[in-house]
Amino acid sequence: MSSNSVTDAIRSRRSVREFTDKPVGNDQLSDWLEAACWAPNHRLTEPWRFIVLEHGGAKRREIAEMFRLLSYETSDQLPEPKRTAVADAAREEVLSAPAFVYAYSLIDDDEEVTKENYAATACAVQNLSLAAHADGFAVGWSTGRVTRLPGLASTIGADESWDMIAGLFIGEPERVPRAQRQPMEEVVTWL
Ligand SMILES: Cc1cc2nc3c(=O)[nH]c(=O)nc-3n(C[C@H](O)[C@H](O)[C@H](O)COP(=O)(O)O)c2cc1C
């Protein structure tokens with residue numbers, strides 16, 4: 001393995017929320033989820049839990065409708081018909097994403113372990129993103145309203161105690177956004 005291929009993939013991976021209609025196969029998604037599970041995790045807690053809402057499935061439709069409702073409720077500052085349009089677009093985003101996955105992390109009685117678990121699960125999500133990227137797909141990581149739907153955990157069978165890490169929209173990018181990072185000198189101190 002060339003180290004350049006890894007760093008190139010890390011650099012060229014982008015967060016994407018607009019996708020083509022190209023489907024994500026369950027085998028393909030399983031490969032990416034398996035890559036996620038190879039993330040480092042202290043004490044080998046393997047703290048990640050993933051819930052896949054299959055494209056066209058009943059649960060995906062249910063969550064999409066819950067997202068529409070929440071988006072409508074929280075957009076009361078918007079005049080009609082914009083308010084309805086925003087809510088409908090939220091629903092459509094969940095319905096149309098070629099793949100959609102919720103990522104959770106286990107909590108622990110020990111706050112330090114909970115923190116480590118959160119970090120490990122974030123690494124797992126990055127693994128998933130890079131694996132998808134290597135296959136020409138991309139992930140949009142959301143910690144927004146789609147992760148805060150009232151009744152979400154019970155609707156999808158997540159344990160109420162689990163820590164929400166992300167709603168992951170996944171598909172082939174419609175276009176790849178440009179990105180920038182601040183100069184290394186801003187974030188690295190050499191002593
Ligand atoms: C913990 C975390 C939460 C994020 N939540 C959101 C989100 O709610 N909505 C969103 O559009 N992007 C979200 N992102 C994606 C970031 O906005 C994105 O990584 C950033 O703009 C840099 O772009 P890049 O990933 O293409 O380099 C999140 C990323 C992380 C790591």
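1. A residue is called buried here if 20 or more other C-beta atoms lie within 10 Å of its own, exposed if 12 or fewer do, and partly exposed in between, with the C-beta atoms placed from the backbone. The model is a predicted one, in which local features need pLDDT of at least 70 and side-chain atom pairs count only at pLDDT 80 or more, while totals for chains, interfaces and linings use all residues. Residues are numbered from 1 along each chain as its sequence is written.

2. The loop between helix H2 and strand S1 deserves a careful look, where helices (H or I, at least four residues) and strands (E, at least two) are DSSP runs numbered from the N terminus. Glu-46 lies in this loop between H2 and S1, and although Glu-46 is not a glycine, its phi is positive at about 40°. Because Glu-46 has 14 C-beta neighbours inside 10 Å, it counts as partly exposed. Arg-43 is placed in the loop between H2 and S1 (48–52) as well, and its phi is near 65°, a positive value in a residue other than glycine. With 13 other C-beta atoms within 10 Å, Arg-43 is partly exposed.

3. Two prolines in that loop can be set beside these residues. Pro-40 is found between H2 and S1 and, with 11 C-beta neighbours inside 10 Å, counts as exposed, whereas Pro-47, which lies in the loop between H2 and S1, is buried, with 26 other C-beta atoms within 10 Å. From C-alpha to C-alpha, Pro-40 and Arg-13 are 20 Å apart in space and 27 residues apart in sequence. For Pro-47 and Pro-98, which are 51 residues apart along the chain, the separation of the C-alpha atoms is 26 Å.

4. A further proline is of interest for its peptide bond. Glu-80 and Pro-81 are joined by a cis peptide bond, for which omega is about 10°, and Pro-81 is found in the loop between helix H3 (58–73) and helix H4 (82–96).

5. The helices on either side of Pro-81 pack against each other: H3 and H4 do so at an angle of about 155°, with their axes 8 Å apart, where axes are lines fitted to C-alpha atoms, for helices over the stretch in contact, and angles run from 0 to 180 degrees between N-to-C directions. That angle makes H3 roughly antiparallel to H4, given that angles under 35 degrees count as roughly parallel, over 145 as roughly antiparallel, 65 to 115 as roughly perpendicular and the rest as oblique. H3 passes H4 in a right-handed crossing; a crossing is left-handed if the near helix is turned anticlockwise from the far one by less than a right angle, and right-handed if clockwise.

6. In a second helix pair, H2 (residues 26–36) and H5 (residues 111–134) pack at an angle of about 140°, their axes being 7 Å apart. H2 and H5 are therefore oblique to each other, and their crossing is right-handed.

7. The sheet is open and is formed by 4 strands in the order S1-S2-S4-S3, with antiparallel pairing. S1 and S3 stand at the edges, each with a single partner strand, so one side of each is left without a neighbour in the sheet. From one strand to the next, the twist averages 25°. Two strands are taken to pair if DSSP finds at least two bridges between them.

8. Strand S4 can be described through its two pairings. S2 (residues 99–105) is joined to S4 by 7 bridges, the two running antiparallel, and Tyr-104 has Met-164 as its bridge partner in S4. S3 (residues 138–142) is likewise antiparallel to S4 and is joined to it by 5 bridges; among the pairs, Ala-138 is matched with Gly-171 in S4, and Ser-142 with Gly-167 in S4. In S4 (residues 163–171), 7 of the 9 residues are buried, so the strand is largely enclosed by the rest of the structure.

9. The ligand is surrounded by Arg-14, Ser-15, Trp-141, Ser-142, Thr-143, Gly-144 and Ala-179, where a residue is near a molecule or strand if its C-beta atom, placed from the backbone, lies within 6 Å of it. This shell divides into 2 nonpolar, 4 polar and 1 charged residues, with Ala, Val, Leu, Ile, Met, Phe, Trp, Tyr, Cys and Pro counted as nonpolar, Asp, Glu, Lys and Arg as charged, and the others, Gly among them, as polar.
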